[in-house]
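User: Could you take a close look at how the strands are arranged into sheets in this model, and at the helices that go with them? I would like one connected account that I can follow with the structure open.

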Amino acid sequence: MEIYLDSNATSPVLPAALDAAMAAMRDCYGNPSSSHAAGLRARAVREAARAAARRVIGAPRGRVMFNSGATEGIQTAVLSALCAVRECRERGEACGDLLLYGATEHKAVPESLAHWNRVLGAGLELRALPVDADGRHRLEVLRELAPRAALVCTMAANNETGVVSDLEGIAAALEHSPALWMVDCVQALGKLPLALGATRIDYAPFSGHKLYAPKGVGLLYVREGAPFTPLMCGGGQEEGQRSGTENMAGIAAFGAVLEALERGDTFRGHAQLAACRARLVAALRQAFPGIVFNAPLEQALPTTLNFSVPGASSADLLEIFDAAGVRVSAGSACSAAKAVSSYVLDAMGLDPARSASALRMSFGPLVEDATIDAACERIMRCGRALRLPQLSPSPLLKDHEQGMLQLDAEGQTGWLLFDAGARACVAIDPPAALAPRIAAMLEAGGYRLRAALHTGTDSAGAAALCALAGGAPGWPADCPELNLGAGVLARVELGGASNYLYVPAAGDARYVFGGALGLAAAPLADALLCGSETERAVAAAAAPQDETGMELDAGAALRLLEQHPDAIVVDVRDLREHGAGEARLHGRAAHNVPLARLAEHAPHFIAQDGRPLLFVCRSGARSLRAARTLRRLGHAHTWCLAGGLALAH
Ligand code: PLP
């Protein structure tokens, strides 16, 4: 069962909303602008939805218009405010020169401000309003800037942290300001009480899909008397405020959600939601000792958690949770090895490492206790998976005590040779960016770093690793060869650079690190070349590369497994992902060979050339790399699952 804990990104559709959308498309399909009966029925649906919206957001007066969502609402608000500023200037009246926005606003806000400021040639200054360590706007700064502000944009609640803004405090700070005020209410709907008509808020955008309505429908509230300029002109729909034939299925569905909110019989209230969150917090604390929460819970929406686990990146955690069937999101955008920190957490002054390792867990007010029970159980499973030792011998290669781990970062590849019996290891070309992670891995497994080597001229990674794990970079003095216990490493100076030959005690495999040796030495022509560039990290001297039909969709993969009962299904996800949730394809369990351990297993697979290989992973990217490598090494019967396990179930 999939557990969806990413409601701040979007939500499933409420059954009553689905019914309403279906009815709008099937029975009530008229154009609400038509004056015949079919049109009148559609108009009645639209107006009922609008009336419900007015009651729910507490706006008996002012404009309430349907649109495509908050991004459109934000554009409309910004355009309206900037047009008003221009008119004000044309009349020779003083108006502010600042466009102020909260530093933690959704990107739709600063991007729209910059866009319309440029397009309209308004020439106003964009300024981010700082937040404090709790993520709340710094009101003393706002008070100082308020007299100069033309437009102030603040959100009701933050999408990454759930931090709820002090709207009363902001209103007080703006008391004598000429500024117009937009409040992004996207994350507040259904979770915070709203009475917009009783405030001085000028514009409030909403998106239906954040609260169980479909994507592509939203609404914008504009205070009575606040300046307004339509973003879209044409047929004059929505009383000329937003032209274009209405998305009636979306409006009907949004209306059903708003009516459910109003009735109060469908969604859970604040106390119950806070109790659900408290159970998740307790499970997370138990599963991940050392966890830190990135926003004070008492000041956040009861449905949002943002946390970091020291030593684990957002990408690591995201993959482990995904493998356990728990859909969460990173508080930041990440690439495989280099984590990009979250601008929201950065603005709160969090340490960059903590900001780059944040994860968000969010649920909606329809959440059930059974979902929270299951989530807590899986959180515990994820905690256990995170603690699995990274450096252990492969169960697939029975007599082997040694292992080889490929280390990729920013297009660079390094290698870690380890012997589990002797608890010794050698690093070759370790990427500097990964030095802290490698050092932590060695410490956790009780491994001693025997040497940190480099094949080219760049020794920065080896030096960085030695600084953390001990020892001096380079080949140890007076040492003709390095005996690791389960394998022997020799150095060969060739082509003006250091090359290394690794011969494990068990099996016939030989590995060459550094390009020159394998190509130059004929007896090593069948050795595996382990390079320092990720794209072709593992290669053979002769490299046939027929990739025809290599990617199979789920149906073709099933046919392959039916035709070849001896085929080997290999899950190339990380050890910890596999630990959090085993991969099964059409009922068959997969062997786990993490992509980073492929070089070590390649000779084993090649030795069974007759048996087809089917690589699988989460999204299809890593299994494609694995299949490419095996084909390049001459294993013609190699395939991978296109789109990954995500599409196969
Ligand atoms: N504002 C906030 C706070 C959001 O969370 C989002 C969506 O993530 C938006 C605006 C933009 O909403 P939409 O993409 O539905 O237009």
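Analyst: Two strands are taken as paired if DSSP finds at least two bridges between them. The model is a predicted one, and with that criterion an open sheet of 6 strands can be traced in it, in the order β18-β19-β20-β21-β22-β23 and with mixed pairing. At its edges stand β18, residues 481–483, and β23, residues 538–539, each of which pairs on one side only. Strand β18 is joined by 3 bridges to β19, which covers residues 487–494, and these two strands run antiparallel. Within this pair, N483 has V488 of β19 as its bridge partner. Toward the other edge, helix α18 (residues 598–606) lies across β21 (511–513), β22 (528–530) and β23, and its direction makes about 145 degrees with that of β21.

There is also an open sheet of 5 strands, ordered β24-β30-β29-β25-β28, and here the pairing is parallel. Its edge strands are β24 (551–552) and β28 (591–592), and each of them pairs on one side only. Strand β24 is connected through 2 bridges to β30, residues 638–641, with the two running parallel, and in this pairing L552 stands opposite L641 of β30. Helix α19, residues 621–632, packs on this sheet, where it touches β24, β29 (613–616) and β30, and it runs at about 175 degrees to β30.

The sheets can be set beside a contact between two helices. Helix α2 (37–57) follows a loop that begins after α1 (15–26), and S34 lies in that loop. S34 counts as buried because its relative accessibility is 18%, which is under the 20% cut-off. Apart from neighbours within four places in sequence, S34 is in contact with G39, L40 and R43.

Further on, the axis of α2 comes within 8 Å of that of helix α7 (residues 248–263), and the two cross at roughly 40 degrees, so α2 is oblique to α7. The crossing of these two helices is left-handed. On the α2 side the contact includes A42, V45, R46 and A49, which are among the residues that meet a set in α7 including M248, I251, L258 and E259. Taken by class, the residues of the contact between α2 and α7 divide into 12 nonpolar, 1 polar and 4 charged.

Note on methods: Residues are numbered from 1 along each chain as its sequence is written. This is a predicted model: local features need pLDDT of at least 70, side-chain atom pairs count only at pLDDT 80 or more; totals for chains, interfaces and linings use all residues. Side-chain values use heavy atoms; hydrogens and water are left out. Helices (H or I, at least four residues) and strands (E, at least two) are DSSP runs, numbered from the N terminus. Contact means heavy atoms within 4.5 Å. Axes are lines fitted to C-alpha atoms, for helices over the stretch in contact, and angles run from 0 to 180 degrees between N-to-C directions. Buried means under 20% relative accessible area, exposed over 50%, partly exposed in between (1.4 Å probe, protein chains only). Angles under 35 degrees count as roughly parallel, over 145 as roughly antiparallel, 65 to 115 as roughly perpendicular and the rest as oblique. A crossing is left-handed if the near helix is turned anticlockwise from the far one by less than a right angle, and right-handed if clockwise. Ala, Val, Leu, Ile, Met, Phe, Trp, Tyr, Cys and Pro count as nonpolar, Asp, Glu, Lys and Arg as charged, and the others, Gly among them, as polar.
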